[in-house]
Amino acid sequence: MHRVAIVGVAQTKFAAEKIDQNYAELAYEVVDSLFNQLGIGHSDIDNIVTASSDFWDGRTISSMAVQDAVGAWLKSETKVSSDGTLAVLYGMMRILSGSFGTTLVLAHSKSSEGNQTMLGNAVFDPIYQRQLGFDLVAAGAMQARAYLEKYNLTEADLAEVVVKNLGNATYNPNAQRAMSITVEDALKSNLVADPLRELDIAPNSDGACVLLLAREDLVSKFTDKPVWLTGVGHYQDNYYLGDRDLTTSKSLEKAAAKAYSMAGIINPRKELNVVELYDTFSHQELMWSELLGLAERGRGIDLIRSGVTKLGGELPVNPSGGVLGAHAMFVAGLVRVAEAALQLRGEAGAYQVEGASKALAHGTVGPCGQTHCVWILSNEK
Amino acid sequence: MGERVAIIASGQTNHCSKRTDVNIPEMIQEAVDRALLQANLTLDDIDAVVIGNMEHFEGINLSDMWASEGAGSVMKPAMKIATGGTTGASVAACAYYHCASGLFDTVLAIGWEKLSESDPTGGIITAFDPIVERLTLAGAVGGLAIEATAYMKTYDVPEEVFALAAVRSRKNAKRNPHAHLKLDLTVQQVLDTPYIAYPLHYLDMCPASDGACAVIMASEKRAKDLCPKPAWIDAVVCRHNHAWIGDISFGKNSTLESAAVEAYKIAGITNPLEELNVIELYDPASYTQVSWLEYLHLCEMGQGRRLVEDGVTAFEGKLPVNPSGGVVSTNPIGATALIRVAEASLQIQGRADERQVDGVQRAMATGFGGSYWNEVFILSA
Amino acid sequence: MSLQPDEELVVYKSSMRIPYRWAAGLIASKFYRHIAQEKKIYATRCPKTQKVLMPPRKSPNGTEDWVEVGPGGEIKSFTVVRYPVPSLNPTTLPIVYALIQLDGADTAFVHQLGEIETDKVKTGMRVTAVFAEKAAGNILDIQYFKPETVEIV
């Protein structure tokens, strides 16, 4: 089997409202930036996988708008209508199939252009749930409470996640929400959906991100710092929230087990050097860390208290600030992969994890994390 | 090259204008159950699921989440693909790459739509740019009508030829228990229906249907183990177009031609009229069964009418087009292009019952959507 | 290209208005019929796991085993939503959403709470269904859940 590497990444700055660019222009910005970095053009791209949402874009066939930006004319382009981490997987499959040497993977979204409560409500089925009016935030809040109560954790524990990640975001020029604050400050932010406060919930962002994947024999044409995709797992859970135990996630456990097995990782806590998680809500960084095997169940908080996952710690989690720092739908997972790649290339600037050689990037989609995708990346062949 | 991949089974609902007896996941489950039954497999044998539809047609955001209830994707790797009219073809391509990559052995591809639950044109109109194009374009029919008008003028082809194709398709549909419009019509009856958009009459156009289609693909070894007569996938080619409708040439379906030429090259076909035994063409309107044959290089430009009028593409002809009745007989949009692939595989497998064409060794299936983009499959025995 | 001081960016405001009509199917229709006619909640037993699923689901072989559940149940988790919910019109804030496991069911489902102070809601609390006066064939035919009255001696 051929191996596949990330040979270049680019992203926009993320902001609450980018009214000076439409979303095709966000796509142009990142593709242009990537091409300039690598000194390449559209002729170097064999095929394209994009990720975007018809609902969040307010447009049926949301990928139509970015066809020119990605240079799709007379090429194979397709759209994953899900998180960017899954678009990376499909992009890798297309190379492994032998049909293509390079895949451009793009995700775009403008949260500012829709009403997030209505968009979130539309995820719930109109037969048994939608008329209740609840959305992805209310669902996340019920998960947060179930998790906190099960493990005797408090809102102050959630605030520690917020303080760490928004603090990390101050070093990331692309982050939207960056703050140097204390736990007391975080606990003063407005209650939105108990027990979640404004700062516990990822902001809504506009932005785009792009990666270039290349087959092993083509990698040197693009970069001398390839980041190899060494393991991946993705699984979908039950739909109805009450069918699941919201304090855990079987789909994430299975996705992680598969990715670790493929990458030959036995002790992720010791073998990984940096982790970028998709934490739409503060409690999810704790939950996801545990389910990825970085801490005992209910003890994800210890990783923060002991400083293991802080910037400069033994295993930094979300050194970029994570999704609490910027959250563009479907883009955020691709950004996790891009941030992991930057770390492994030694290009993460002020939030660089020294000497990182193995990274985990995670994406999720659906209410309370119905689908998860876990990636293991390495800068060693 | 990657792993060789085959279709081992498929299942479809009995497509019709309105399925009020089932909700969305229930309808999907019907197709999945039928595919599993034909393959003599259970869900436990399925390694991964690829699903697709167009969200605005049912108003379900992240529609793969609720659909998981019927798709059998719970606790399995699953991803959603959505590319407009091509969705079903893109889903099939994604399932193909799942297997061809060597990452998965048995993959379930699902396409579905319940067009009775909304106003399809209201959904389609939102495919166009909201600021420049949406205010002036009128859904999918307009573009097709422009192409048909240009074709009639360029090659001096009368509406009667299109109507003949429409008559044949609805007659073929009578052989297909899954088809929606099964009608005995005359050319005059088609011409007597009102214009939807000149030169396309009501009965020249595809209907709006409720339905789902499921296809099971497998890697070479697994396919040989599981199926006495797999339909091998020789070529999967996709060609995309520009973002802006004004940039698209309505005088030439370049993406279909480019995709077909590449597919022939990959499959080693030099004379498609002689070497193909059946075509399942994505025909959103009757005229495409005349003009698009030319882009498939079955005849010279402007000579498509000869293939139709001489009966070459009729059920009993040398190269039957759409023995299933095609899209003008059945159109649950997200399933439509997957139905083309499924029908082509049934022909190869000798499982097409009343609509079986004798001695099919090679079949073609196409998908059409978005801003005039196309996907082409070539299958062989 | 940049904006001159006297120039403004265009932000075109619109909304998508697509009418929808969602088929509930045989199973959900029966569920709502029980509520409308008898003010009773029925769930289905999964033939594979024997779990009683709420909301009810179609059985693969079409022979659903219906089980009456509730109207009482237990709160498994909840949240107090303090932001406007556009699809509920009018919205009276705050709204309490809860995951409620009805007596006799093995899975919880989401609904709203009423007749309770938001700071009195606790996980594990017993609640009971309050049915809407007029059934419309959707989940709000159960208007909300309220605390089960306990006799104080």
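What share of the 381 residues of chain B counts as buried? The figure is 68%, and it makes a good starting point for a walk through this chain. Please keep in mind that the model is predicted.

Let us begin with the overall build. The secondary structure of chain B comes to 13 helices and eleven strands. Its radius of gyration is 19 Å, close to the 21 Å that the globule rule gives for 381 residues, so chain B is as compact as a globular protein of that length. If you lay the C-alpha trace along its principal axes, chain B spans about 55 × 45 × 40 Å. Contacts tell you how the chain is put together: among those in chain B with a separation of 6 or more, 78% join residues 24 or more positions apart.

Next come the domains. Chain B is divided in two, with domain 1 made of 5-120 + 210-231 and domain 2 made of 128-207 + 234-380. Their C-alpha centres lie 22 Å apart. The contact between them takes 35 residues from domain 1 of chain B and 32 residues from domain 2 of chain B. On the side of domain 1 that touches domain 2, the elements giving two or more residues are β1 (5-12), α3 (87-100), β4 (106-114) and β7 (210-219) of chain B. Of these, α3(B) provides the largest share of that side, eight residues. By residue class, the side of domain 1 of chain B that touches domain 2 divides into 16 nonpolar, 16 polar and three charged.

Now look at the sheet. Nine strands of chain B form an open sheet with mixed pairing, in the order β3-β2-β4-β7-β1-β8-β11-β10-β9. At its edges stand β3 and β9 (278-280) of chain B, each with a single partner strand, so one side of each is left without a neighbour in the sheet. From one strand to the next, the twist averages 25°. For a closer view, take β2(B) and β4(B), which pair in the parallel sense over five bridges. One residue pair to pick out here is B:A48, whose bridge partner in β4(B) is B:V107. Packed on the sheet is α2(B), which touches β2, β3 and β4 of chain B, and its direction makes about 125° with that of β2(B).

That helix deserves a stop of its own. Is helix α2 of chain B largely enclosed, or is it left open? Nine of the nine residues of helix α2 (residues 63-71) of chain B are buried, so it is largely enclosed by the rest of the structure. Those buried residues include B:M65, B:W66 and B:A67, as well as B:D64 and B:E69. The packing partners of the buried residues come from two chains: β8 (227-236) of chain A, together with α1, β2 (48-52), β3 (78-80) and β4 of chain B. Just after the helix, α2(B) is followed by B:G72, whose phi is positive, near 75°.

Finally, turn to chain C. Here 17 residues of chain B are in contact with 15 residues of chain C. Two helices of chain B, α1 (24-39) and α4 (120-125), each supply at least two residues of the side that touches chain C. The residues on that side of chain B divide into three nonpolar, eight polar and six charged.

Terms used:
Residues numbered from 1 in each chain as written. Chains lettered and ligands numbered in written order. Predicted model: local features only at pLDDT ≥ 70, side-chain atom pairs only at ≥ 80, totals over all residues. Domains from an automatic or database assignment. Contact = placed C-beta atoms within 7 Å. Helix = DSSP H or I, 4+ residues; strand = E, 2+ residues; numbered from the N terminus. Nonpolar A, V, L, I, M, F, W, Y, C, P; charged D, E, K, R; others polar. Rg over C-alpha atoms; globule rule 2.2 N^0.38 Å. Buried ≥ 20, exposed ≤ 12 C-beta atoms within 10 Å, placed from the backbone. Pairing = 2+ DSSP bridges. Axes fitted to C-alpha atoms, helices over the stretch in contact; angles between N-to-C directions.
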